[in-house]
Amino acid sequence: MGKSLYDKVWDLHKVRTLPSGEDQLFIGLHLIHEVTSPQAFGMLRDLGLRVRMPERTFATLDHIVPTDNRKRPFKDALAEGMVDALRKACTEQGVTFFDLESGRQGIVHIIGPELGLTQPGMTIACGDSHTSTHGAFGAIAFGIGTTQVRDVLATQTLSLQRLKVRRIQVEGKLGPGVYAKDIILEIIRRLGVSGGTGYAYEYGGSTIEGFSMEERMTLCNMSIEGGARVGYVNPDQTTFDYIKGRPYAPKGEAWEEALGYWRSIASDEDARYDDVVRIDASAIAPTVTWGITPGQAISVKEKVPAAEDAANESERALIREALEYMRLEGGKPIEGTKINVAFIGSCTNGRLSDFREVARRIVGHKVAAHVRALAVPGSMEVARAAEAEGLDRVFREAGFEWREPGCSMCLAMNPDKLIGDELCASSSNRNFKGRQGSPTGRTVLMSPVMVAAAAVRGEIADARDVFGI
Amino acid sequence: MALDLIQSVTGRAVHVPGDDIDTDRIIPARFLKCVTFDGIGEHLFRDVRFDERGEKREHPLNDPRFAGAAILIADRNFGCGSSREHAPQSISKAGFKAVIAESFAEIFFGNSTTLGIPCVSVGPEHRAALVARVSADPTTLVTIDLQEQVVRAGGDLAVPFTIKPGARESLLRGTWDPIAQLLEGADEVQKVAARLPYVQRAAAQ
Ligand code: SF4
């Protein structure tokens, strides 16, 4: 029987088995940002160690940068301190740092691929759970904690337990107004928010093969919301075409050589999987969350579940808690729920194709008067490309604020926050209690086009109706 | 670097109910603005323990009967969401030495082990039995015995638990912080780097 990409790449990067039974794994690419990494440099210093391979680590700023006024020093002294700590550490240790003025700054999971740093067959680690995004390129990419960031800095390796591999076979054509975001929300809904624990998800099948790299990134990004620390797609011509010519992509002879390696690590036809799940993409409708975990999702045409519908007491308790927090009523349609804020951005849906798709739909429409609408490009590169096409104007004309790049209201560690119990239609990835900066703020996850539809109607709406898709 | 061998944890326990408790709830993002983890224990479960005016809400961690508990009991899929190590750091800095739950999210589990905080999984009935016991008598002493893989409470209750074998081994051997071992493998790391085409390519440039 053949091997999966996961097993091939793991075996190539395995240094040895440690006495605990875990493997020591070589990390090919290490990405860091200002929130989870400065502390690791402090730990390194306490141990009297230096960065082992500084050329394999790259730093950016994303979580706490303001998106309205980037003038330094930031108004928030704590944020300024974190940026400063990271900048100093990188300079001291010889780590490349994509600072605000570099022209390359942006959300870590957007700039890695954009710069050609992310490549097939790599092991990629970052102190951020959405590192799974990079799996779109056929890499084993996963989030780590700060102490592990220290481990990578000090040794370029980690102590890890090998995962099992679940193949998720997605077949069929997407219906109109249905996007990669809806596919991953459906997968999480079906398999549960902890269904992926202990697994790497390999996404395949005709739907995924037909996806662009940006769609694959959206899909892999939210693997972690399904409990899977790793999610990936086998590399193919779409992957190679995307990488070619990017700043850190191999060139000339090295390109040919790289292609050979990239092809060799794709899963074999007859690869062995620990589990296989099949999804019919054509049956999926635009999907929205109604609760406080990404698994609490329904099609926009469905009714919000009621506690009585649940099979057992623990599920009933979860539904009750979610409804109470979201201030929704079980058994009522989700469509028509009033929103206060619309957010398009994040490492899930803050890429050029996302803004293009929304711009194409909102021309001639206006954001409802009571809605605050934010469009936040994921990186300086995305911002430049979008502005070059005039997308910023389309968004502004429709009533969106067009902001500077960063994580923004996905996590609200910068000034972009919900106020009180505002409800936000959001293209981000987490609807946890308090996620968007207000302890009582409410988040409804959906695709960017669905966010735009909600912004226009002022309430949760079916984008297919609003835009005649 | 000599680490403690963690063979068992004993202390009083407190139950924080709810499935899928995410790391944003354990430690809200606004408390991540720190360049060290000092003082982060104060903010553990901040937004569910206090309302917007800073008044205490009803929460097990605000209940004086459970003050000083060393073991946190949770339900299913505890610690899901972000990779922030601030979550187990805040649990540890708030005085907890171990977590018992039905199951844990992957990254949270790994982060906790690396800090020497055992996260052990028990079945739903056993979890309920433990909760019933400590709720009825908050002074009950609970012991997590990593050698025998059992949780004991109050002398007569004993329930088995599971934990990833690698994590158990490293806690028992005092290698839960793997840095010393990872540093030892330096020569072999070099060999792996040398056989990876993309690493060689970068080195050649
Ligand atoms: S956009 Fe959101 S999920 Fe992505 S890295 Fe930033 S804060 Fe994390």
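## Domains of chain A

In this predicted model, the domain assignment splits chain A into domain 1 (5-160), domain 2 (164-283) and domain 3 (288-466). The rest of this report looks at how domain 2 of chain A meets domain 3 of chain A.

Taken over C-alpha atoms, the centres of domain 2 of chain A and domain 3 of chain A lie 24 Å apart. Their contact draws on 16 residues from domain 2 of chain A and 26 residues from domain 3 of chain A.

## The area they bury

Together, domain 2 of chain A and domain 3 of chain A bury about 1,600 Å², with 53% of it on carbon and sulfur atoms. If you want residues to look for on the domain 2 side, try Tyr179(A), Lys181(A) and Arg189(A): they lose the most area to domain 3 of chain A, together 34% of what that side buries.

## Salt bridges and polar contacts

Arg189(A) also takes part in a salt bridge, where its side chain meets that of Glu302(A) at 3.1 Å, N to O. Between domain 2 of chain A and domain 3 of chain A, the count is two salt bridges. Twelve residue pairs are in polar contact across this interface, with both residues at pLDDT 80 or more.

## The domain 2 side

Which helices can you trace here? Helix 6 (180-191) and helix 8 (213-221) of chain A each supply at least two residues of the side of domain 2 that touches domain 3 of chain A. Helix 6 of chain A gives the most to that side, with five residues. Sorted by class, the side has eight nonpolar, three polar and five charged residues.

Technical notes: Residues numbered from 1 in each chain as written. Chains lettered and ligands numbered in written order. Predicted model: local features only at pLDDT ≥ 70, side-chain atom pairs only at ≥ 80, totals over all residues. Heavy atoms only, no water. Domains from an automatic or database assignment. Contact = heavy atoms within 4.5 Å. Buried area = accessible area lost by both parts, 1.4 Å probe. Salt bridge = Lys/Arg side-chain N within 4 Å of Asp/Glu carboxyl O. Polar contact = N/O pair within 3.5 Å; in protein donor to acceptor, adjacent residues only side chain to side chain. Helix = DSSP H or I, 4+ residues; strand = E, 2+ residues; numbered from the N terminus. Nonpolar A, V, L, I, M, F, W, Y, C, P; charged D, E, K, R; others polar.
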